[in-house]
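The exercises below concern a predicted model. Work through each task before reading its solution.

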Protein chains: 2
Amino acid sequence: MEIIDINKALANQTRLNILKWLKDPEANFRPHEDLGHFNDGVCVFHITERAGLSQSTISTYLIQMQKASLIIPTRHGKWTYYKRNEAVIAEYIKALNNQL
Amino acid sequence: MEIIDINKALANQTRLNILKWLKDPEANFRPHEDLGHFNDGVCVFHITERAGLSQSTISTYLIQMQKASLIIPTRHGKWTYYKRNEAVIAEYIKALNNQL
DNA sequence: TTCTTATATCTAGATTTATAGATGTGTTCT
DNA sequence: AGAACACATCTATAAATCTAGATATAAGAA
C-alpha cells in the first residue's frame, strides 16, 4: 500500500466522491438492469452518469484508483464493475492513525 | 477543514515527512540554539536542512500546509517556527474514519 | 545606518494532472 | 459477419504542481 498514491487519488473531489458513493451503491446508483445486484460493485457507465464527467475521464480515474489499490475491477461480459477494496482502505486509515 | 486541501498537502512525500518529523522534534532536528525548546515547533531553516530541498521550496510547502490548517506558524524575532495543528489533524483522521 | 540572517514572495521552466474527443478492443446481438 | 455497446487507451490542450534562483522584507548585529 502506497500512502502517497492513495493521497494523490483522494486529492480530487470526484475521485473522493466515487469512493464514498461505492460505500452504498443502492443509495447512489440506479439498479443494474442485467445483474440485479451490486455484489461486484458498480459499472463504469453508472459511475460516469453520476459523476457528470466524460467516459474517458472516469475510466482514467477508476484505473488510477485501482492502481492505488483503492478499488477492485471485475469483468462481466462487456461490463466492468468496480467495488471498494475495504481491506486496503482500512489499512490506509490505520496507517494514518499510527503515522500521522 | 477542507479534506481535499489536506489530501493535496499530504500527496507529496516531503510534506508528509515534515508533518511526521514535527511529531517528535527532539528526535528529528538539532536543538534551537537561541530558543532551547520546541514549544512552538521547528524553525524553517532546520526543516529545510532536514528535507534537503531549497529554502524557497520548503517555505512554499509550509505555507501550503498552513493554508490546509495542518500546521501553525509562530514568529519569534526573525525566525518562524511551525508546529503541528493537532486539533485539525485529529479532526481529519476522524472525518476519514467516518466518511471514507 | 549598513550588513547579515531568516523567511516570504516572485519568476520561470519542467513535469504532472484534469479533462475530453477520437480511436481501439473485446463482447453481445442480429 | 456486421452493427452496437461498454470500456480502455491514445492524443491533445489547459491548468496545476514541483522546484529553484532571484529578489523583497523584516529583524537583529555591527
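**Exercise 1.** Which residue of chain A comes closest to the rotation axis?

Solution. Begin with the operation: a rotation of 180 degrees with 0.0 Å of shift along its axis superposes chain A on chain B, with an RMSD of 0.0 Å (least squares on the C-alpha atoms of residues with pLDDT of at least 70 in both copies). That is the relation of a two-fold axis. Next, take the C-alpha distances to this axis: among the residues of chain A, A:N7 comes closest, at 2.8 Å. Finally, compare the contact residues (contact means heavy atoms within 4.5 Å): 100% of those of chain A recur in chain B, and the same surface serves both copies.

Local features in this predicted model need pLDDT of at least 70 and side-chain atom pairs pLDDT 80 or more, while totals for chains, interfaces and linings use all residues. Side-chain values use heavy atoms, without hydrogens and water; residues are numbered from 1 along each chain as its sequence is written, and chains are lettered from A and ligands numbered from 1 in the order in which they are written.

**Exercise 2.** Describe the lining of the largest pocket by element and by class.

Solution. The lining includes A:C43, A:W79 and A:T80. Helix 4 (44-51), helix 5 (55-67) and strand 3 (79-84) of chain A are the elements that give two or more residues to it (DSSP runs numbered from the N terminus: helices are H or I with at least four residues, strands E with at least two). Helix 5 of chain A gives the most, four residues. By class, the lining has seven nonpolar, three polar and one charged residue.

**Exercise 3.** Which residues come nearest to DNA strand D, and which phosphate contacts are found?

Solution. Of the 21 residues around DNA strand D, the nearest are A:F45, A:Q55, A:S59, A:Y82 and B:Y61 (near means a heavy atom within 4 Å). Then inspect the atom pairs. A backbone N or O atom of A:F45 is 2.8 Å from a phosphate oxygen of the strand. For A:S59, a polar side-chain atom lies 2.8 Å from a phosphate oxygen of DNA strand D. At A:K78, a polar backbone atom is 3.4 Å from a sugar or linking oxygen of the strand. Last, sort the DNA atoms: of those of DNA strand D within 4 Å of the protein, 71% belong to sugar or phosphate and the rest to bases.

Note on methods: 1 Å grid on protein atoms, 1.4 Å probe; cavity = no way out; pocket = protein on both sides within 12 Å on 5 of 7 lines; lining within 4 Å. Nonpolar A, V, L, I, M, F, W, Y, C, P; charged D, E, K, R; others polar. Polar contact = N/O pair within 3.5 Å; in protein donor to acceptor, adjacent residues only side chain to side chain.
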